[in-house]
Amino acid sequence: MSFVGRSDAERKAMLDRIGARSLEDLWGAIPKEFRVPGALALPAPLAEYENAKRFEAEAARNADAGRYACFLGAGIYDHFIPSAVRAITSRSEYATAYTPYQPEVAQGTLQVIFEYQSMIRELTGMEVANASMYDAGTAAAEAVHLAVGAKGRRRVVVSAGLHPHHRQVLATYASAGGLEIVEVPLAGGRTDPAAAKAATNAETAAFLWAQPNFEGVVEDGEALTAIAHGAGAYSVAVGDPVALSVLTPPGAQGADIVVGEGQPLGVSMSYGGPLVGFFAIRKSDVRRLPGRLSGVTVDLDGRRGFVLTLQTREQHIRRERATSNICTNQGLMALANTIHLALLGAEGMRDVATQCLERAHYLAERAARVPGVSLPHAAPFFREFVLRLPGPASSFVTHALGSSLLAGVPLSRFDRSRPNDLLVAVTEKRTREEMDRYAATLAAWVKSRAAAPAEEAACP
Amino acid sequence: MSVTRDPSIVEATLREVSVAGHRGPRLQPLDVPAQGAAALLPRVALRATAPALPEVSEPSVVRHFVNLSTLNHHIDKALYPLGSCTMKYNPKLNDEMARLPGFAGIHPFQPEETVPGALAVIGELHEWLRTIMGMPGITTQPVAGAQCELTAILMARAYHTDHGDPREEVIVPDSAHGTNPSTVAQVGYKVVTVPSGPDGLVDMEALKKAISSKTAAMMLTNPNTLGIFEREVGTIARWIHEAGALLYLDGANLNAMVGLASPGAMGFDFAHINLHKTFSTPHGGGGPGGGVLCVRPDLEPYLPSPVLVSDGPGYRWDHDRPRSIGRVHSYYGNFGILVRALAYMRSLGASGVAEVSRESILNANYLKARLRDAYAPSHEGYCMHEFVLSANRQKARGVKALDVAKRLLDFGFHAPTTYFPLIVDEALMIEPTETETKASLDAFADVMLEIDRESIESPDVVRGAPTKTPVRRLDEARAARNLVLSWQDLEAGHGGA
Amino acid sequence: MNVPKDLRYTKEHEWVRTKGGEVEVGITEYAQGELGDVIFVDLPAPGTQLAAMKAFGSIDAVKTVSDLFAPVAGEVVAVNEALKDNPALVNTSPYEQGWMVRIRAANPADVNGLLSADDYEKLLGAHA
C-alpha cells in the first residue's frame, strides 16, 4: 500500500512518453554499489485497520492524562483544550498547506500568523512578535543569539529559575559561539538578586530569567530587568502564556526580549512535542529577529492582504549571514494558540489563570498539612510549587500511580542533591476531588513509610 | 464571505469582529474556596490591564477560521509542486493515530514505566529508519531539517575537537539550500562554496582544491537541488574521509532514494530526514516538522542527549552521555510527528517504501518530458524525483518565472519553487511527488503549456496574473518599508518600525 | 540608462562623486533596477574606517540582499539619514537623494583609479 494511484497501463504510457524502456532506466545514474539489492528488510504492509489496532494497543499501554489526574508541569501542562481548536487545526486547508510562499493562495495562513503575532504582543507586552519558533528552549537560545549580536558582548547570565532543559538547549546552541554562560542561583525559590547583580557586568549581553520560574515562583521582573539594564545588558524573560494573562507582562517591566512555550494554549502534551515557542521583541531589533514574520500590505486592487515580510533576514536569502538557520515556524501549533486565545478571550484566559492559582494554592495548603511534608519556598507562586517530602519524591510518584495520580516531577531528575523535592502543577482541570485524593494518597504514603521505612531503599 | 462590507477587506481580523461581552467556552466552576488573585500574589505582580484579546463567541471564531482556511491552497485540494518540499498526500490515518489519548495525553516527565507504548513507537520508528538509511546511530530529538543540520555540525565540531583540532571550514555546494550555509555560520565555521559544473554536479576539480586539513565537513544534498543524482558521491566520500573530514547528507531530497539506494553505503557519516517530506507527515502551514539524524557508529557518542536504547523487551532513555553535544529540544522532539511517520511506514511496508521513490521518479520524468519542449530544462537526461526548468525563453517574451508561477495559481495549481536553485536563471523547480496520478500530472502539464502559449499570444494576461485568487499580487515592498505586524500597528495606522 | 559623466564608477555598480577632500558614494541606476524596491540600507556609523573594496554595508530589497563595497579607503564622515525613513530614494533618485555615505578618502587620488562613465557604460553593455 503506497498511496499511489497508478495502473500498469498508465505506467507504460508514461515510460513511453519519457522514452525509457523501464523504470530502472530512470535511476541509472545511481551507481550499482549504492543500490539496495532487492527489498529492504522491513515488515510487510499493514492494512489501515490492522495498523490502527496496533497503535491503539500501544497507546493503551501509556498512562495518559485522560485516565490519570495529571499534576505534572515543568513546562508542559494539562490544560483544557476546546473542541473547536482540534476541529479547525484538523482542516486540510491548514494542516496540508506549506509555508506561504505564494501569498495570493495563502491568505488564510498569513492572516492567522498576523493574528497570532498580535496576541503574543498583548500577552508579552512587547512591540513585535514573530510567527513562532520550535519551542521555548530554542526560542531562549535564539534570544541569546540576538542579544549577543546586538550588544557585541559574549557573556550570558542565566537564572537557575530557567527550566533546566531550556538552560541545556541554550548551552548547546551557545557552545559553538564560544559564549560564556554564568548561572545565578535561586534563594528562597527566587532568583538571588545579589548574585544576579554580581554576575551581570559590562561584558554581559543578556540576563535571562523566567516568569514564573521553574519552581513556580513569581519573580520580580522589574528588579531583574533593572539589574540587566544596570550593566547595559538585555533583559530576556521566558514567560508562561497562561501566567502572563494575569501577571504584569515582562514587556511592561522593561524586558527587551520575551520568549516562552505556547503549549499551554490549546496544544496537547504529546510527550513533549510538537510544541511552539513564542518570540517577542522591541521594534528597534526587528532586523535581528529570527524566523518568519507576517505583515500587512495591499494588492493591485487596493485590497488588504498579508505577506511574509523582511525576508532578507532569513536563511533562504541571506544564507551564511542570516539571523538564524530556522526555515519553518510551528504553523499548526501557532494556529492552535490563536484559536485557543480567540475562544477564551481575555476574560476566559483570566479565568484559566485564576483557577490555576486558586487550585494550586488549595492543593499546596492541603499537602503541606500532611505531617513531614513542607513547602520549602515562602515566595508567591502561580500554578506550580515544590513540595518537600519526608522521603524520595520518585517513590511517592510510583505510589500515587495506584490512586490514578501522576503526582509531579521529582526534582532529582535535574538535581541529585534534592531527592525529596517534588514539583507539582495544578491546572484549571484539576478538581477538588482529585486534589483531596492527592492529599489523602500523600498522607497514606507518609504513613506507610513510617510503618515500613525499608521501602525507601527499593526506590532510589 | 466576511461579515465586513468593506470591499477592501477579504476577511476581517478577530480584533475587528470583537464585540465586548461576547464569550467562547466556559470553564468548570471553581470548586475550592476562592481567595482572589490579590490575596495570593503581590499587587505589583498583577497586570494593571487585561491583555486586549478579542471577545468572540465560538460560532464566530469557527466561521472566522473556516473562512480564512478557504483562502489557502493545500495538497488535499490540488497538486503542489514545490521543488524540494515534497508536498505529497498525507494519509488521514496518521493524524488519527497521533491523536489517540494514549499518545496525545502523555507528559514528557512521566515515569518511563508509564509510557512503554510511546517508547516502543519511537524505538520501532528508529529501526525502520536505520534500515532505510543503512546507518546505525539515530536521534529524533531535532524537530526540523535545519535543526538536524545544526545538530550534525555541532557534532562534527565535537568529534574534531576530540581528535585534537576543531578545524575551520565546511564545504557547501553552490546549489545547496540556504539552511546549509546559515547553519555552518551559526556553528562558527567558515563556509567554503564549491561550484557546480555544466552537468549540474559538484565540480570535482574545484572540490579537490577546496578540501584541506581545515575541512571539518562537507554538506551534500543528494540528489541535488537540480534533481540530479551526484554519481561521484563515492569519490567525494573518499576524498572527504582522506582529509579526516565528515560527509553530511542533506536529506531534503530523500524521496528519490528510499528503498532504492542506501545513504550509508554511499559513505555518508551523517544524514538527515525530514519526516514531513519523505514520510508524509503534514506540513502544517510551515510546521511542525520532524527531524531525524542518522550517524555512523563512532559518531553516536556525540548525539543529543538523551538517546533511546533498547532495554530487554522495551526501551529506555539513556541520559548518561558524557560526550553528547547536549540537548537541542526541551523534551524528546516532535513525538506526535514520529507517531504519524511510523503510521505511514507501517502502511507502506517494505514494498511500499520503495514504490514511493520509484513512482516519484517516474512522475518527475513524465512531467519533464511533457514540458521540455516549451520550457528549457536546466539539464538534459533523466531526473530523479524533481527537475528544474528555466523560464528564459518566456522571459525573452517578457514573461518571467514569477509570472508563470502566478498564472498557475489562476488555474488552481500551486506554483513550483521559483528562483531556486540560484545557479539557474529564471528557475522553476518542480517536484510532483508520487501521490499525483497521471491525470493530475497531465492537467498540470496542459496548463503549463497553455501559459507558454499565453506568453506568446497574450503576455499581459500572464504578467497580470493572478486574477482568480482571493487577492491579486501583493505589494511586498510596501509591507517591508512600512511594517504593520499586528492589530496594534494596524490600529495605530502607521508602520511598526 | 542614465550614467552621469561627472561621476566615477566601480564594477560593483557604485558611483563616486568627489566633493573637495570627500567622496560621496551611492549605487547606480542600473543597480537599483536590478535590486528592485529597496527596503533597507544598512550603513556604518560616521567615524568608521573603511578598507578599499571591502564590504561596509548592505542593501536589502524585497527578496535580495546586496553588499556595498568601499570604492576607496577612508573614514566615513556622514551617512544619508534620510534613507532610514525613506529607502525608496535609492530607487527614485539613485544619483542625488539616494546617496549613501560620504568618505574622507585616505588618498584622494585613488578616485582616479575608478571607472569613468564611458568605461562603466561599456561594462553595462557587456551585461546586456
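This report describes chain B of a predicted model, from its overall dimensions to one of its sheets and its contact with chain C.

**Overall form of chain B**

Chain B is built from 18 helices and 13 strands. Its radius of gyration is 25 Å, which agrees with the value near 23 Å that a compact globule of 497 residues would have. Along the principal axes, the C-alpha atoms of chain B occupy a box of roughly 70 × 70 × 45 Å. Of the 497 residues in chain B, 61% are buried. Among contacts in chain B with a separation of 6 or more, 69% join residues that are 24 or more positions apart.

**A four-stranded sheet**

Strands of a sheet pair through backbone hydrogen bonds, in either a parallel or an antiparallel manner. In chain B, four strands form an open sheet in the order 10-11-13-12, and their pairing is antiparallel. Its two edge strands, each of which pairs on one side only, are listed below.

| Edge strand (chain B) | Residues |
|---|---|
| Strand 10 | 376-377 |
| Strand 12 | 417-418 |

Strand 10 of chain B is joined to strand 11, residues 387-390 of chain B, by two bridges in the antiparallel sense. Within strand 11 of chain B, Leu389(B) is the residue that stands opposite Pro377(B).

**Contact with chain C**

Four residues from chain B and five residues from chain C take part in the contact between these chains. On the chain B side, two of the residues that touch chain C are nonpolar and two are charged, with no polar residue present.

How values were computed: Residues numbered from 1 in each chain as written. Chains lettered and ligands numbered in written order. Predicted model: local features only at pLDDT ≥ 70, side-chain atom pairs only at ≥ 80, totals over all residues. Rg over C-alpha atoms; globule rule 2.2 N^0.38 Å. Buried ≥ 20, exposed ≤ 12 C-beta atoms within 10 Å, placed from the backbone. Contact = placed C-beta atoms within 7 Å. Nonpolar A, V, L, I, M, F, W, Y, C, P; charged D, E, K, R; others polar. Pairing = 2+ DSSP bridges.
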